[in-house]
Protein chains: 4
Amino acid sequence: MLEKLKEDVFRANLDLVRHGLVIMTFGNVSGFDRTSELMVIKPSGVSYNEMTANDMVVTDLNGNVVEGTLTPSMDTPTHLALYKAFPGIGGVVHTHSTHATAWAQAGTAIPCLGTTHADYFYGPVPVTRRLTINETEKDYEYNTGLVIAEVLAGRDPQTMPAVLVNSHGPFTWGVTPAMAVRNAVILEEIARIASLTVSIAPPNEIDKHLLDRHYLRKHGSSAYYGQKK
Amino acid sequence: MLEKLKEDVFRANLDLVRHGLVIMTFGNVSGFDRTSELMVIKPSGVSYNEMTANDMVVTDLNGNVVEGTLTPSMDTPTHLALYKAFPGIGGVVHTHSTHATAWAQAGTAIPCLGTTHADYFYGPVPVTRRLTINETEKDYEYNTGLVIAEVLAGRDPQTMPAVLVNSHGPFTWGVTPAMAVRNAVILEEIARIASLTVSIAPPNEIDKHLLDRHYLRKHGSSAYYGQKK
Amino acid sequence: MLEKLKEDVFRANLDLVRHGLVIMTFGNVSGFDRTSELMVIKPSGVSYNEMTANDMVVTDLNGNVVEGTLTPSMDTPTHLALYKAFPGIGGVVHTHSTHATAWAQAGTAIPCLGTTHADYFYGPVPVTRRLTINETEKDYEYNTGLVIAEVLAGRDPQTMPAVLVNSHGPFTWGVTPAMAVRNAVILEEIARIASLTVSIAPPNEIDKHLLDRHYLRKHGSSAYYGQKK
Amino acid sequence: MLEKLKEDVFRANLDLVRHGLVIMTFGNVSGFDRTSELMVIKPSGVSYNEMTANDMVVTDLNGNVVEGTLTPSMDTPTHLALYKAFPGIGGVVHTHSTHATAWAQAGTAIPCLGTTHADYFYGPVPVTRRLTINETEKDYEYNTGLVIAEVLAGRDPQTMPAVLVNSHGPFTWGVTPAMAVRNAVILEEIARIASLTVSIAPPNEIDKHLLDRHYLRKHGSSAYYGQKK
C-alpha cells in the first residue's frame with residue numbers, strides 16, 4: 001500500500017544525508033496520506049545506506065503499525081501530533097542539523113535578519129518552551145509535537161514551516177516530504193548565516209516592509225517568483 | 001541572438017554552484033552586450049541542473065523580453081539598474097553566499113583587514129542604506145540597484161566591484177560574467193576571513209600604504225602581477 | 001594471531017580519515033582482546049594510505065611487542081592504561097579532531113546542552129586536570145591514561161565513553177574499535193554544536209529529566225530505540 | 001636544469017590546492033638548491049590547473065631568471081630573503097589560507113594552546129610588525145622577507161617553521177618543498193583550532209613542560225616518534 005509515498009519518503013530520508021543535515025541515524029522523514037489517514041515513516045535506528053523503500057513503515061494516526069516488519073522511528077508520535085495539528089501538511093522532517101540545533105540548544109528563536117530568511121519563513125523561527133517533568137516522563141514524543149503546535153497557535157503553519165524544539169533540534173514540514181526536506185535545508189542555511197551575523201554585530205531585525213515584500217513575492221496570491229504554471 | 005553571451009551566462013550561473021556560493025536557486029548571473037544594449041539573464045526559479053544555455057532570457061534595458069520563453073529572474077531590474085549606472089561593466093552576479101550575506105545582515109561594511117582583501121577591493125566593501133517603505137513597496141528590485149549605485153557615488157565601480165545590500169546580500173560585477181563570478185568567489189572568501197578575524201581581535205584596518213601597494217600592484221597602469229600580455 | 005581484530009583495528013583507523021577526524025597521522029585506534037589480554041594498535045607515524053592490516057602491532061598489557069615489525073603508536077601506554085582501568089571496553093580511539101580539541105584546549109568540559117549530546121553521553125563530557133611536571137617528564141603517556149581514569153572515578157565508563165585531556169584532545173572508547181570510532185564521530189559533532197551554541201547565548205544546560213529520558217531511551221534495560229534483536 | 005626540483009615544486013604547488021589552502025592563485029611554493037644557489041618557483045598569476053612542471057621558473061639569489069619563459073611569482077624576493085636568512089631550509093610556502101590569515105589580520109601571534117600545536121611549532125607562532133611606509137613603497141616583497149627573519153632573530157627557524165606577516169598571511173618553510181607544504185597544512189589546522197578555542201574561553205597557554213615534552217618527542221636527538229630509520 002502507498003507505494004508511491006513510500007518511495008517519496010525513502011528518497012526524502014536519503015536527501016537528508018545528501019544535503020549534510022544528518023550523520024549516523026540523526027534524522028527522519030515521514031509522509032502523510034490525507035485520504036487514508038495513514039503515515040509512512042522511516043524505521044527506527046536503521047542506517048540510511050542499508051535501507052530500501054520497502055523498509056518504510058505504515059502507521060495509522062494512533063501509531064499502530066498497519067504495514068511493515070520493522071519498528072517505526074521513535075519520533076513517530078511527534079510526527080503524528082503534527083499531522084493532526086496542521087491539516088494542510090503532507091510531510092514532516094526531524095534532524096539534528098548543526099546550526100539549527102545550536103539555536104535550539106541556545107533556547108533562542110532565529111531572528112529574521114535578512115531576505116534569505118524572509119523568502120521562506122514569515123518572521124523569526126520560534127523555539128518551544130521546555131517540556132515539564134511530567135510531559136517528559138509520560139508520552140514524551142507526543143508532547144514534543146504538542147509544544148510545537150502550541151508555539152504556532154493561531155498561525156498558519158504554512159507561513160512558518162519550521163520550529164525549534166528547546167534543548168533538542170528542528171522540525172520542519174511541507175505539503176510533501178520533499179518540500180519538508182527543502183525547508184530543512186533552507187532552515188539550516190539561514191541558521192548558519194544568522195549565527196555568523198550575530199558574531200559580527202548585535203541582531204539587526206529586517207524591516208517589516210522588507211519581510212512582507214520578500215515573503216509575499218514568493219508566497220500567496222500576489223507571488224511573482226518562478227515560472228507561470 | 002547573442003549565443004556566445006548566453007553560453008557565458010549559462011556557464012557563469014553553474015559556476016556559482018560549483019564554487020559553493022548558492023544552494024537551491026539562491027543566485028543569478030547576467031551578461032550585458034554594450035553594442036545592442038541587450039542583457040542575457042537566468043530565468044526565474046529554474047533549478048541549475050535542469051537549465052540549458054537556451055533557457056537564458058534576453059531583455060532590453062527596460063526589462064522587456066526580447067528572446068526566450070521563460071520569465072527572467074525577479075532580480076532583472078536590479079541588474080539593469082547596475083548596467084545603466086556602471087558603463088564599464090559586462091556582467092553582474094547576485095548571491096546569498098553565507099559569509100558575505102552575514103555582513104550584509106549585520107548592516108556592516110567589510111573592513112579592509114588584510115592584503116587578500118586589498119588585492120581585489122580598494123577599501124572596505126560598502127553596505128547600502130536600508131530601503132524606505134516607499135522604495136520597498138514600489139519598484140523594489142530597481143530601487144535595490146539604485147541604492148547600490150548611490151553608495152558608490154563618485155567612485156569607479158571597477159575599483160570596488162562589490163556592494164552588500166543591507167539586510168539582503170552581495171552583488172558583484174566585472175567586465176564579463178566570468179569576472180563578476182570571480183569577484184563573488186573572492187568576496188565570499190574575504191568575508192569569511194574577516195568574520196574570523198573580528199572574532200579573534202577588534203578590527204585592525206590595513207595601513208593605507210599597504211592597501212595602495214597591494215591594490216595597485218595588481219590593477220592599473222603600474223601593475224606588475226601575472227604574465228606580460 | 002588476532003587476524004580479525006587486526007582487520008577491525010585497521011578499518012577503524014581508516015574510518016577516522018573518512019569521517020574527517022584526522023589529518024596527517026593525528027590519531028590512532030586500538031582494539032583489545034580480553035581473553036588473551038593482547039592489544040592491537042596502529043604503528044607510529046605511518047600514513048593511513050600506506051598502511052595495511054598486517055602492519056598493525058600486537059602488544060601485551062605491559063606494552064611489549066608480541067607480534068609485528070613496526071614500532072607501535074607512541075600513545076600505546078595511554079591505551080593500555082584505559083584497558084586496565086575500564087574492564088568492559090574493547091576499543092580506544094585518540095584523535096585531535098577540530099572541535100573536541102578546541103574544548104580540550106579551553107580546559108572546559110563540554111556542557112550537555114541538548115538531546116544530541118544526551119543520546120550518547122550521560123552528562124557533560126569531562127576534561128582532565130593538567131598533568132604535573134613529574135607526570136609529564138616520566139611515563140607521560142601512561143599518566144595521560146591515569147588522569148582520564150581519575151576524572152571518571154566511580155562512574156561507569158560506558159555511560160561516558162569520552163574524556164577530553166586538558167591542553168591536548170579527546171579519547172573515546174567502546175565495546176569494539178568500531179564503537180569507539182562511532183563515539184569519536186559523535187563527540188566531534190556535539191563539540192561543534194556546543195561551540196556554536198555558546199557563541200549564540202550563555203550555556204543553557206539541558207533539564208535533568210530530559211537528559212535521563214534521552215540517554216535511557218537509547219541505553220540500559222528500558223531502552224526502546226532501534227529494532228528488536 | 002634542476003628537473004627533479006621543478007617536479008617537486010610543481011607537485012607542492014598542486015598540493016596547496018588539494019589541501020584546500022588556496023583558491024584562485026592565492027599561494028606559491030618554491031624550492032632551493034643549496035649547491036647551485038638557484039631557486040625554482042611558481043610563475044606569477046598562472047592558474048594551478050593549467051600549469052606544468054616545465055612552467056616553473058629558475059632564478060638566482062638576486063632574482064634574475066636563469067631558466068624559464070614566464071615571469072616568476074611576485075613574491076620571489078620574499079622567498080629569496082628567507083633562503084638567505086635561514087641556511088637550513090630548502091622549501092618555502094606562502095598562502096592566504098583562511099584561519100592562519102585571520103590571525104595575521106588580527107595582528108596576533110597564535111598562542112600555543114595545546115599539543116597539536118606543540119607537536120610541530122615550538123611556542124606561539126609569531127606575527128611580524130607592520131611594515132613602514134618606506135619598506136612598503138620600495139622593495140616591498142624583499143622587506144616582507146626581512147621582517148619575517150627579524151621576528152625570528154636569534155632562533156632556529158627549524159623549531160618555528162612558520163611566521164604570520166601582519167595584515168597579510170602565513171609563510172612556512174622546511175627542508176624540502178613538501179615539508180614546507182606539510183607545515184602550511186598543519187599551521188592552518190592549528191590556527192583553526194585556536195580560533196575555536198578562544199571563542200570558548202580566554203587563551204589558556206600550554207604548560208612549558210608539556211610543550212617541551214611534545215615538541216621534543218617528535219624533534220631533535222631524543223625524539224621517539226615514528227619508525228626507526
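Visitor: How many salt bridges are there between chain C and chain A?

Guide: This is a predicted model, and the count between chain C and chain A is four salt bridges.

Visitor: What makes the meeting of C:R213 and A:E141 a salt bridge?

Guide: The cut-off asks for a side-chain nitrogen of Lys or Arg within 4 Å of a carboxyl oxygen of Asp or Glu. For the side chains of C:R213 and A:E141, the N to O distance is 3.9 Å. That value falls within 4 Å, so the pair qualifies.

Visitor: And what makes B:R217 and D:E141 a salt bridge?

Guide: The closest N and O atoms of B:R217 and D:E141 are 2.5 Å apart, which is within the 4 Å limit, so this pair is a salt bridge as well. Across the interface of chain B and chain D, four salt bridges are found.

Visitor: What area do chain C and chain A bury between them?

Guide: Interface size is often given as the accessible area lost when the parts come together. Chain C and chain A bury about 3,000 Å² between them, with 57% of it on carbon and sulfur atoms. The contact takes 32 residues from chain C and 35 from chain A. On the chain C side, C:I200, C:H209 and C:Q227 lose the most area to chain A, together 21% of what that side buries.

Visitor: Which residues of chain B supply the most area against chain D?

Guide: They are B:I200, B:H209 and B:Q227, with 21% of the area that chain B buries there, more than any other three residues. Chain B and chain D bury about 3,000 Å² between them, 56% of it on carbon and sulfur atoms. Here 32 residues of chain B are in contact with 35 residues of chain D.

Visitor: How do you know that no contact joins chain B and chain C?

Guide: A contact needs heavy atoms within 4.5 Å, and no contact is found between chain B and chain C, whose closest C-alpha atoms lie 10 Å apart. Chain A and chain D also have no contact, with their closest C-alpha atoms 10 Å apart.

Visitor: Why is the relation of chain B to chain D called that of a four-fold axis?

Guide: Superposing chain B on chain D takes a rotation of 90° with 0.0 Å of shift along its axis, at an RMSD of 0.0 Å. That is the relation of a four-fold axis. In chain B, the C-alpha nearest the axis belongs to B:S199, 5.1 Å from it.

Visitor: Why is B:N166 called buried?

Guide: The relative accessible area of B:N166 is 11%, and buried means under 20%, so B:N166 is buried. B:N166 is found in the loop between β6 and β7 of chain B. Leaving aside neighbours within four places in sequence, the contacts of B:N166 include A:N204, B:A104 and B:R130.

Visitor: What makes β4 and β6 of chain D edge strands?

Guide: Each pairs on one side only. The open sheet of chain D has seven strands, in the order β4-β3-β2-β1-β5-β7-β6, with antiparallel pairing. The twist averages 25° from one strand to the next.

Visitor: How do you know that β1 and β5 of chain D pair?

Guide: Pairing needs at least two bridges; five bridges join β1 to β5 in chain D, so these strands pair. One of the partnerships links D:G31 with D:G91. Helix α1 of chain D packs on the sheet, and its direction makes about 155° with that of β1(D). Helix α6 of chain D packs on the sheet too, touching β6 and β7.

Note on methods:
Residues numbered from 1 in each chain as written. Chains lettered and ligands numbered in written order. Predicted model: local features only at pLDDT ≥ 70, side-chain atom pairs only at ≥ 80, totals over all residues. Heavy atoms only, no water. Helix = DSSP H or I, 4+ residues; strand = E, 2+ residues; numbered from the N terminus. Axes fitted to C-alpha atoms, helices over the stretch in contact; angles between N-to-C directions. Least-squares fit on C-alpha atoms with pLDDT ≥ 70 in both. Buried < 20%, exposed > 50% of the residue type's maximum accessible area, 1.4 Å probe, protein only. Buried area = accessible area lost by both parts, 1.4 Å probe.
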